[in-house]
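Work through the exercises below with the sequence and the model open. Each task is followed by a solution in steps.

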Amino acid sequence: MVSILPISISSSPAIINLVLMAGRYDPNPFDEGDEVNPFADGGKGTGKTNYSGGSFYTSSVPSAPNSRLSPLPHEPADFYNDYGAVDIPLDSASALKKKERELQAKEADLRKREEIVRRKEEAAARAGIVLEEKNWPPFFPIIHHDIANDIPIHLQKLQYVAFTTYLGMVFCLFWNIIATTTAWIKGEDPKIWFLAIIYFILGVPLAYVLWYRPLYRAFRNESAFRFGWFFLFYMLHIGFVIFAAVAPPIFLKGKSLAGILPAIDLVGDQALVGIFYFLGFGLFCLEALLSVWVIQQVYMYFRGSGRAAEMRREAGRVIIFGWFVSAALFAFTGVYLCACVYSLKNVPKVEIVNFCAISLGVLRNCGDFHGSERIKSPKVSGYSALGKQ
């Protein structure tokens, strides 16, 4: 093997060493021979093994001839399926077509309904009907109230103040319930508490329906009739607030309203109740002042925008309503006078005559407002009255 090398042996001792080392290795050092398990000797080992791992492998493990590992058993077909096989029924072609026809019928019905709704919306838009979405109060929407989108921007501030007077009216009536409850606990007649509840239950919705909503729609649609409606009932609102602030002793000594007169009467004997009534008096006074400012500003806009002339043209429709309300006011005045005479028998006749004259003057002014020829439209531009503010 060395003689066939083309290089001289004497000239390259390193090559000789490599050749000699190569001769000591097996042709295939990775051949393990027979497949045996060196750890299974069966208790008859001699300390030697037939396993050959090459020239450098030595082992003292006992040999175990003809020992092989047994193969693992085959896994069952449903080994990884603990629930077993699930039968999924496949619909037939006729069932699929039936479902498809049902879906198509539902889709056609939905399209028909959408078309009906769209036609109604278009018809309402052509007729000038506004579909209002209920959004107030936020926790339980019962009315539509969106000043930012419904009211012109130059009237939004005034509308917000009017809305403040409405909320102020609600708070005043609620505080009146608290004051009368305190008086009832301190020994007053429980009828005053029931009257306070009635004031709240009737006052809150009537205030919204009679004067706040008409003003809201008048500002949105520029309706002279709604302006007239607002002026009439807002004056009644102001009259009620002033009456509540004074609370004259007409019925149950006036203690059903937290005004100044019952507050003075109660503060001496029951200081806490008197303080509650004085706070109610302050709230009613603040509500009256703010309401007077609102009606003044609305009237300035009403006259400046030329709606007074339009209202005069609509007098034929408004005057009937005006006389109806005037009759109601006259009846209310009669009941009020009878109550005064019955409750305060020592009232001087001069005061009763003066009150009658004032009431008749109010009625006459209401009649003039709804149909008199003395209502004249000033020759000013639409926003000149607002510009002077």
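UniProt positions follow the numbering used here, and its annotations may be inferred rather than shown by experiment. The model is predicted.

**Exercise 1. Find the residues that carry the "coiled-coil region" annotation, and state their secondary structure in the model.**

Step 1. The unreviewed UniProt entry places this annotation at residues 93-123.
Step 2. In the model, residues 93-123 are 100% helix and 0% strand.
Step 3. The C-alpha atoms at the two ends of this span are 45 Å apart.

**Exercise 2. List the annotated "transmembrane region" spans, then examine residues 160-185 and 224-251 in the model.**

Step 1. The unreviewed UniProt entry gives residues 160-185, 191-212, 224-251, 271-295 and 315-337.
Step 2. Take residues 160-185. The span is 100% helix and 0% strand, and its end C-alpha atoms lie 37 Å apart.
Step 3. Take residues 224-251. Here helix covers 82% and strand 0%, with end C-alpha atoms 38 Å apart.
Step 4. Look for a loop residue in this range. Helix H6 spans 224-246, and alanine 247 lies in the loop between H6 and helix H7 (260-267).

**Exercise 3. Identify the backbone geometry at proline 137, glutamate 222 and alanine 247.**

Step 1. Recall the usual case. Most residues other than glycine have a negative phi, and most peptide bonds are trans.
Step 2. Check proline 137. The peptide bond from tryptophan 136 to proline 137 is cis, with omega near -5°. Proline 137 sits in the loop between helix H2 (93-127) and helix H3 (147-150).
Step 3. Check glutamate 222. Its phi is positive, near 55°. The residue belongs to the loop between helix H5 (191-221) and helix H6 (224-246).
Step 4. Check alanine 247. Its phi is also positive, at about 55°.

**Exercise 4. Decide for glutamate 222, alanine 247 and isoleucine 198: buried, partly exposed or exposed?**

Step 1. Set the cut-offs. Buried means under 20% relative accessible area, exposed means over 50%, and partly exposed is in between.
Step 2. Glutamate 222 has 18%, so it is buried.
Step 3. Alanine 247 has 1%, so it is buried.
Step 4. Isoleucine 198 has 43%, so it is partly exposed.
Step 5. Place isoleucine 198 in context. It is part of helix H5. Together with Ile201, Leu202 and Leu206, Ile198 makes a nonpolar surface patch of about 370 Å².

**Exercise 5. Summarize the chain as a whole.**

Step 1. Count the elements. The chain has 12 helices and 0 strands.
Step 2. Take burial. Of the 389 residues, 30% are buried.
Step 3. Take the contacts with a separation of 6 or more. Residues 24 or more positions apart account for 61% of them.
Step 4. Take the surface. About 26,500 Å² is exposed, and carbon and sulfur atoms supply 64% of it.

**Exercise 6. Where is confidence lowest, and where is it highest?**

Step 1. Start with the chain. Mean pLDDT is 74, and 55% of the residues reach 70 or more.
Step 2. Confidence is highest in helix H4 (residues 156-185), at a mean of 96. It is lowest in helix H12 (residues 384-387), at 39.
Step 3. Mark the stretches under 50. Residues 43-49 stay under this value and have 13 contacts beyond four places in sequence. Residues 366-389 also stay under 50, with 43 such contacts.
Step 4. Draw the consequence. Where pLDDT is low, the predicted coordinates should not be read in detail.

How values were computed:
Residues are numbered from 1 along each chain as its sequence is written. This is a predicted model: local features need pLDDT of at least 70, side-chain atom pairs count only at pLDDT 80 or more; totals for chains, interfaces and linings use all residues. Side-chain values use heavy atoms; hydrogens and water are left out. Helices (H or I, at least four residues) and strands (E, at least two) are DSSP runs, numbered from the N terminus. Buried means under 20% relative accessible area, exposed over 50%, partly exposed in between (1.4 Å probe, protein chains only). Patches are made of residues with over 30% relative accessible area and no salt bridge: like charges are joined within 9 Å, nonpolar side chains (Val, Leu, Ile, Met, Phe, Trp, Tyr) within 5 Å. Accessible areas come from the Shrake-Rupley method with a 1.4 Å probe; for residues, only the protein chains shown count as cover. A salt bridge is a side-chain nitrogen of Lys or Arg within 4 Å of a carboxyl oxygen of Asp or Glu. pLDDT is the predictor's confidence in each residue, from 0 to 100. Contact means heavy atoms within 4.5 Å.
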